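Please look over the sequence and the model shown below, and then follow the paragraphs that come after, which go through the fold step by step.

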Amino acid sequence: MSDPGDFGPGFLAGQHTVDGYGAGGFSFAHVSHRGSILMLPEGVHRWSATQPSEITEESLAELFRAPRGSVEHLLLGTGTDLIPPRAPLRAALKAAGIVVDPMATGAAARTYNILLGERRRVACALIAVA
């Protein structure tokens with residue numbers, strides 16, 4: 001994917017829908033980005049996870065830094081297959097008041113757009129797929 005928009009140092013402020021996915025990346029807000037992304041209420045972040053085993057509390061640090069209550073639901077796009085998060089991450093999310101819903105990346109992106117349109121306090125972490 002080319003980068004027609006400015007994703008600068010890996011952060012784009014504001015809430016944006018996912019306009020497309022595949023070919024190893026995503027398009028959103030007139031930006032095409034190769035790699036995984038974390039979409040939070042304050043903006044879109046580059047995300048280091050490339051496979052489900054890399055989804056950890058550390059890789060989701062930006063989510064855990066968000067003000068409590070700003071995210072109630074995390075859609076976790078785990079690639080082409082649904083891979084449930086490990087127990088320690090589920091426990092950390094629960095302690096933070098966040099419900100996690102793992103699913104394939106495409107389903108997570110589509111569901112995120114719907115929930116965002118309903119003005120829900122939602123975030124998504126999406127592993128890029130081919």
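In what order do the strands of the open sheet of six strands stand, and is their pairing mixed or not? In this predicted model, the strands are arranged as β1-β6-β5-β9-β7-β8, and their pairing is mixed. Strands of a sheet pair through backbone hydrogen bonds, either parallel or antiparallel. At the edges stand β1 (11-13) and β8 (99-103), and because each has a single partner strand, one side of each is left without a neighbour in the sheet. Direction ignored, neighbouring strands of the sheet are turned against each other by 15 degrees on average.

At one of these edges, β1 pairs with β6 (residues 43-47) in the antiparallel sense, over three bridges, and L12 has V44 in β6 as its bridge partner. The helix α3 packs on the sheet, where it touches β5, β7 (73-77), β8 and β9, and its direction makes about 160 degrees with that of β9.

The largest nonpolar core has 19 residues, of which V18, F28, I37, M39, L75, Y112 and L126 touch the most other members. At least two residues of this core are supplied by each of β3 (25-28), β5 (36-40), α3 (105-117) and β9 (122-126), and the largest share, five residues, comes from α3. Leaving aside its neighbours within four places in sequence, Y112 is in contact with H16, V18, M39, L75, V122, A123 and C124. Another core, of 17 residues, lies apart from the largest one, and L60, L63, L93 and I98 are among its members.

Technical notes: Residues are numbered from 1 along each chain as its sequence is written. This is a predicted model: local features need pLDDT of at least 70, side-chain atom pairs count only at pLDDT 80 or more; totals for chains, interfaces and linings use all residues. Side-chain values use heavy atoms; hydrogens and water are left out. A nonpolar core is a set of buried Ala, Val, Leu, Ile, Met, Phe, Trp, Tyr and Cys residues joined through side-chain atoms within 4.5 Å. Buried means under 20% relative accessible area, exposed over 50%, partly exposed in between (1.4 Å probe, protein chains only). Helices (H or I, at least four residues) and strands (E, at least two) are DSSP runs, numbered from the N terminus. Contact means heavy atoms within 4.5 Å. Two strands pair if DSSP finds at least two bridges between them. Axes are lines fitted to C-alpha atoms, for helices over the stretch in contact, and angles run from 0 to 180 degrees between N-to-C directions.
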